[in-house]
Amino acid sequence: MSIEIVVEAPGAHRIAGHTPREPGPGEALVAVHSVGICGSDREVYQGNRPKEYVRYPLTPGHEWSGTVWRVGAGVPGSLVGRKVVGEGFRNCQVCDRCHAGETTLCTAGYEETGFTLPGAMAATLTLPARLLHMLPEEADLTAAALLEPAACVAAAALKSGARPGERVAVVGTGTLGMFAVQFLKAVSPVDLLVVGTRNDREALSRRFGATDFRIKDEELPDDLDLVIETAGSVSAARTAAALLRRGGRLVLTGIPAPGAEGLDPTGLVVRQLEVHTVFGAPPDAWAHAVRVFAAGLLNPLPLITHELPLSGFSSAIDLVGAADPKVGKVLLHP
């Protein structure tokens, strides 16, 4: 029997029978292969996600990969059988931000797969076909399930304007940080420093292309061209900014808890730092992530440490919340 996970309310979930929803005009029905769990899924389950960004009862799951089963009217039949991943933000396509390509800033209001609309912790997912990104026939769908967080980092990489021969750094050694290392490595920096809080991440950082690794309390440089911050800790933004030369570029992707140390505006102006931020991934970032993945320049597999059946949802949530360095990315397989 096909199943799905339903979070009825914070802390309460059930495993229910799943009936695929037939695709309507412009939609596609996808057989889900793998779905990742991240901190925001744990927030949904615990009930500490801001109320305007979640709607119960809910089937979670915004990081996923799968294969198109059926399509609705107006969707090319050639999509059937294709391996795909898909964007989560359900943008309106008609506001000025959408027309500018900034779909994560859609003014029509927030709607996202796995948070306010049914997600991929189910045997199938039905969604607008326009949100799909096609993968090569030989693509590993287990690895591809991590292309959603990769797309968020792709947005940062595109905003960074990274160029060959620059001295760059990544602050943060989680999933996003390891993706940032790979995106920056792909543009051939002369130096690629990773700054973190765990020595056990050094080997993986160097495997992905880092030329140096340091703990944030060690002596750090202050003359780098570009830094991408992914840690989201209370001090990460300041740590990242301090690494830069005058006129350097900073991209912030982490969302710290309230009370985080802010950037010093005097320092920003006097040092003439260029600061960008990222929230989610617009279509061009998704396309970039898929292209880099298809080219073999992005390898998510080493980040995956646990794979469970969909019925193992409770165990997966516990793993994601565990302060265990042996726990990396956790996947469920419907």
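1. In this predicted model, Leu 135 touches Arg 82, Lys 83, Val 84 and Val 85. Beyond that stretch, Leu 135 also meets Leu 141, Ala 144, Leu 147, Val 290 and Phe 293, with residues up to four places away in sequence left out of the list.

2. Leu 135 belongs to the largest nonpolar core, a set of 48 residues. Leu 135, Leu 147, Phe 183, Leu 184, Phe 293 and Leu 298 have the most contacts inside this core. Two or more residues each come from helices H3 (141-144), H4 (147-160), H5 (175-185) and H9 (283-294), and from strands S8 (167-171), S9 (191-196), S10 (212-215) and S11 (224-229). H4 gives the largest share, 9 residues.

3. There is a second, separate core of 28 residues. Among its members are Ile 5, Tyr 45, Trp 64 and Ala 129.

4. On the overall fold, the protein chain has 10 helices and 15 strands. Its radius of gyration is 20 Å, close to the 20 Å given by the globule rule for 334 residues, so the chain is as compact as a globular protein of that length. Along the principal axes, the C-alpha atoms fill a box of roughly 55 × 40 × 40 Å.

5. On contacts and burial, residues 24 or more positions apart make up 69% of the contacts with a separation of 6 or more. Of the 334 residues, 51% count as buried.

6. On the surface, the accessible area is about 14500 Å², and 53% of it belongs to carbon and sulfur atoms. The chain carries 30 positive and 36 negative charges, whose mean positions lie 1 Å apart.

Key
Residues are numbered from 1 along each chain as its sequence is written. This is a predicted model: local features need pLDDT of at least 70, side-chain atom pairs count only at pLDDT 80 or more; totals for chains, interfaces and linings use all residues. Side-chain values use heavy atoms; hydrogens and water are left out. Helices (H or I, at least four residues) and strands (E, at least two) are DSSP runs, numbered from the N terminus. The radius of gyration is taken over C-alpha atoms; the globule rule is 2.2 Å times the number of residues to the power 0.38. Buried means under 20% relative accessible area, exposed over 50%, partly exposed in between (1.4 Å probe, protein chains only). Contact means heavy atoms within 4.5 Å. Accessible areas come from the Shrake-Rupley method with a 1.4 Å probe; for residues, only the protein chains shown count as cover. Lys and Arg count as positive and Asp and Glu as negative; His and the chain ends are not counted. The place of a charge is taken as NZ of Lys, CZ of Arg, CG of Asp or CD of Glu. A nonpolar core is a set of buried Ala, Val, Leu, Ile, Met, Phe, Trp, Tyr and Cys residues joined through side-chain atoms within 4.5 Å.
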